[in-house]
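Please open the structure in a viewer and follow the stops below in order. Each stop says what to select and then what is there.

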Amino acid sequence: MTRRISIFGATGSVGTSTLDLIGRDDDAWSVVALTAHSDVPALAAAARAHSAEVAVIGQEALYADLKEALSGSGIEVEAGAEALVDVARLDVDWTMAAIVGTAGLEPTLAALERGNSVALANKESLVSAGGLMMEAVRASGATLLPVDSEHNAIFQCLAGSRLEDVRRITLTASGGPFREFTRDQMAAVTPAQAVKHPNWSMGAKISIDSATMMNKGLELIEADHLFPIGLDNIDILVHPQSVIHSLVEYRDHSTLAQLGSPDMRIPIAHALAWPKRMATPCQPLDLVTIGRLDFEAPDQVRFPGLRLAREAARAGGGHPATLNAANEVAVAAFLSGRIGFLDIATIVEEVLAGYSAPKPRDIAGILEADGQAREAASRIVERVQA
Ligand code: NAD
Ligand code: MG
């Protein structure tokens, strides 16, 4: 039986890995929608290669370009943020949410409200609006399948068990490219150095988040929503080889871990095939070649993102959305060379310190906190730059 699937963020790192997997068994999948922000040629090529029903380009001004690139294909063309949400409401069996940043929030929420299976890579949406998203899951009966490798690992370690029997969840972290750098060394790093992750090949934004370790902070908040055992029971452990993707300790002190090569196609395949399994072209794990696995405690002084994320999670309300939005602005400013690497966390901390508002009640409230944080962060970027 073919399954109808849509991929949001189809031109990105997770999106193309998903297309790579489904392209290996065309009969199993029927592609409904593919979306991208601005890369018209890549979106058009993917839509043609996978015979998509609809292609959506996020930037409205690129509608005519996409229309032309898909002329004669019979593929429907849409553009703009609203179109992304409309297309997320189409009838499908499985959706990959792989847009980066808060831009993915509304389409992801719309897909969850439909009540089918949603594979979630877009962690920023869960960080900003996790409460509302988990409510949508409960209300619609949707199946939320975590794709982030750590959360997918935890999901696998929990199979057949009760969350109330879990004592501790440990998120592993590679430590990123600057794991052994001093603060002085970090002050001088360039965007090119920071996007070079030692183990994973990923999009630019998450690569910078891995270098600041804010990624692990965002993942802490993500885990808190997906596996509600209490923030204090979720730990972070630095494990430079990225072989153990996370661990779950039960009340009897038995600990389960999920291991695999650092290739996102493994967790994506798990979410695609769930509750079954599918073959992948990924490297099998060769522990003899790897030889040893190392572990160390995370350093919250050199990597303040870890502390800021835990504080924002504890404060709740609009704090996580504020943390996330300020971080998105600061990461973009670093990537474009406007601020230094250490300014990223400083900006997030300053924006969070200036935030005080009642708890957002709905998506509009979350987006308001997000917008205010972006404005505040942009003002600080200008000041730092001057
Ligand atoms: P990426 O930058 O490679 O791709 C992002 C995708 O989102 C692209 O298709 C882009 O066109 C689209 N997009 C960007 N801005 C948009 C906007 N404003 N509106 C609509 N579409 C937009 O990113 P990625 O590395 O594939 O990451 C995607 C998500 O998955 C992120 O939330 C990331 O944290 C998460 N994730 C990625 C990895 C990984 O290995 N890459 C691992 C775990 C989690
Ligand atoms: Mg991860």
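**Stop 1: the metal site**

Select the magnesium ion (ligand 2), which is coordinated by Asp148 (OD), Glu150 (OE) and Glu219 (OE) at 2.0 to 2.2 Å. Keep in mind that this is a predicted model. Along the sequence, the donor residues of the magnesium ion (ligand 2) follow the spacing D-x1-E-x68-E. Now show Asp148 and Glu150 with the surface switched on. Are Asp148 and Glu150 buried or exposed? Both residues are buried.

**Stop 2: α11 and α14**

Stay with Glu219 from the metal site and select helix α11, residues 214–226, together with helix α14, residues 304–315. The axes of α11 and α14 lie 7 Å apart, and the angle between these packed helices is about 20°. An angle under 35 degrees counts as roughly parallel, so α11 and α14 are roughly parallel to each other. Their crossing is right-handed.

Next, show the side chains where the two helices meet. On α11, the contact is made by Met214, Lys216, Gly217, Leu218, Leu220 and Ile221. On α14, the residues to select are Gly305, Leu306, Ala309, Arg310 and Ala313. Coloured by kind, the residues of this contact of α11 with α14 come out as seven nonpolar, two polar and two charged.

**Stop 3: α10 and α15**

Move to helix α10, residues 204–212, and helix α15, residues 319–335. How do the axes of α10 and α15 cross? They cross at roughly 100° and come within 10 Å. That angle makes α10 roughly perpendicular to α15.

To see the contact, select Ala204, Lys205, Ile208 and Asp209 of α10. From α15, add Asn324, Asn327, Glu328, Val331, Phe334 and Leu335. The residues of the contact of α10 with α15 divide into five nonpolar, two polar and three charged.

**Stop 4: Pro281**

Finally, select Pro281, in the loop between α12 (265–273) and α13 (287–290). Is Pro281 buried, partly exposed or exposed? Its relative accessible area is 35%, so Pro281 is partly exposed; buried would require under 20%, and exposed over 50%.

Which residues is Pro281 in contact with, leaving aside its neighbours within four places in sequence? They are Asp20, Leu21, Arg24 and Arg265. To end the tour, draw a distance between the C-alpha atoms of Pro281 and Leu247. These two residues are 34 residues apart along the chain, and their C-alpha atoms are separated by 25 Å.

Note on methods:
Residues are numbered from 1 along each chain as its sequence is written. Chains are lettered from A and ligands numbered from 1 in the order in which they are written. This is a predicted model: local features need pLDDT of at least 70, side-chain atom pairs count only at pLDDT 80 or more; totals for chains, interfaces and linings use all residues. Side-chain values use heavy atoms; hydrogens and water are left out. Donors are N, O and S atoms within 2.8 Å of the metal (3.2 Å for Na, K and Ca); water is not among the atoms, so sites may look incomplete. Buried means under 20% relative accessible area, exposed over 50%, partly exposed in between (1.4 Å probe, protein chains only). Helices (H or I, at least four residues) and strands (E, at least two) are DSSP runs, numbered from the N terminus. Contact means heavy atoms within 4.5 Å. Axes are lines fitted to C-alpha atoms, for helices over the stretch in contact, and angles run from 0 to 180 degrees between N-to-C directions. Angles under 35 degrees count as roughly parallel, over 145 as roughly antiparallel, 65 to 115 as roughly perpendicular and the rest as oblique. A crossing is left-handed if the near helix is turned anticlockwise from the far one by less than a right angle, and right-handed if clockwise. Ala, Val, Leu, Ile, Met, Phe, Trp, Tyr, Cys and Pro count as nonpolar, Asp, Glu, Lys and Arg as charged, and the others, Gly among them, as polar.
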